[in-house]
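Please work through the exercises below with the sequence and the model open side by side. Each task is followed by a solution that proceeds step by step.

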Amino acid sequence: MAKWGHGDPRWIVEEREDGTNVNNWHWTERDATSWSKGKLRELLVGIVVESEAGRCEIGELKQVEGEASCSSRKGKLIFFYEWNIKLGWKEFTTGMILPTKAVATQELTVKRKLSENTLQVQASSPVALGVRIPTVAVHMTELFDTTVDQLYSIFTVKDLVQKFSKSSAVLEAEKGGKFQMFDGNITGEYIELLTNRKIIMKWRCRNWPEEHYATVALSFVPTLGQTELQLDCTGVPVCKEENMRSCWQKQHFEEIKGLLQLTTLSG
């Protein structure tokens, strides 16, 4: 270290009579909040993300709260910022429509900008609005050592449903009737019931996207000394396919077989 008064003159900082901050050596700070808000809007609005599931576009900057500043010291730029940003987006996808609780009113007009074209949709009657999610179909078959009428009853009689599910249930086994199983984790509505032949229902798990239902069809086919149950399900969210299969295999098929064995032994 050089002795006091003998250092390199290039490193000596002196007060200048004209007050000039040469090469931004001393600390300076400028408010960049207003400029940053405009820049954020310019950079974010219009961003498009596309995949096989669909297309999403950032349509507006709904909220920008915070501040930003630009400082310098010894010729180096230092940036400080803190933002809370909310964006509005538009989606254009293909696949299953996921309805929401919002319902369009009469004479609804919707305009969406896609590339350079404007898509206008007019409806003269209420239209359910929602987003679209990718879905898959699930098909499973299982053989049961019981008659068709007994297996059909296990899906339509409250007491039997509670026995194989080992939990409380609510059942209205008629067209338009509601059902609730596994302490409310599975809910739905009966669409069609053909005694000892077929059951069609709207069906959902609690952890599925809100208001989204799959369509489950159960066909009861008599075979020699057994009954084949054919499960056909459409509208299952792609990310829930394995859970769906596991739910039916372990919580329905295996538990029903256990109940049938107990019934046989007690009989």
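Two strands are said to pair if DSSP finds at least two bridges between them. The model used throughout is a predicted one.

**Exercise 1. The sheet and its edges**

Task: Work out how many bridges join β9 to β15, and establish which strands are the edge strands of the sheet.

Solution: Begin with the two strands themselves, β9 and β15 (residues 226–237), which run antiparallel and are joined by nine bridges. As one point along this pairing, find L143, which stands opposite E228 in β15. Next, follow the whole sheet, which is open, has seven strands with antiparallel pairing, and takes the order β9-β15-β14-β13-β12-β11-β10. The edge strands are β9 (135–144) and β10 (170–171), because each of them pairs on one side only. Finally, place the helix α2 (residues 148–156), which lies across β9, β10, β12, β13 (198–205), β14 (214–223) and β15, and which runs at about 160° to β14.

**Exercise 2. The faces of a helix**

Task: Identify the buried residues of α1, and explain why they line one face of the helix.

Solution: Start with the dimensions of α1 (residues 33–44), a helix of twelve residues that reaches 16 Å from its first C-alpha to its last, close to the 16 Å expected at 1.5 Å a residue. Then apply the cut-off for burial, which is a relative accessible area under 20%; the buried residues of α1 are T33, S36 and L40. Seen down the axis of α1, these buried residues fall within an arc of 55°, so they line one face of the helix. The general background is that an α-helix has 3.6 residues a turn, so residues three or four places apart point the same way. On the other side of α1, the exposed residues are S34, W35 and E42. To finish, look at what follows α1, namely G46, whose phi is positive, near 105°.

**Exercise 3. Positive phi in a loop**

Task: Inspect the loop between β11 and β12 at F182 and D183, and decide for each residue whether it is buried, partly exposed or exposed.

Solution: Recall first that most residues other than glycine have a negative phi. F182, in the loop between β11 (178–181) and β12 (186–194), has a positive phi of about 50° although it is not a glycine. D183 lies in the loop between β11 and β12 as well, and its phi is also positive, near 55°. Turning to accessibility, F182 has a relative accessible area of 9% and is therefore buried, whereas D183, at 47% relative accessibility, counts as partly exposed.

Technical notes
Residues numbered from 1 in each chain as written. Predicted model: local features only at pLDDT ≥ 70, side-chain atom pairs only at ≥ 80, totals over all residues. Heavy atoms only, no water. Helix = DSSP H or I, 4+ residues; strand = E, 2+ residues; numbered from the N terminus. Buried < 20%, exposed > 50% of the residue type's maximum accessible area, 1.4 Å probe, protein only. Contact = heavy atoms within 4.5 Å. Axes fitted to C-alpha atoms, helices over the stretch in contact; angles between N-to-C directions. Expected span 1.5 Å × (residues − 1). Arc of directions from axis to C-beta.
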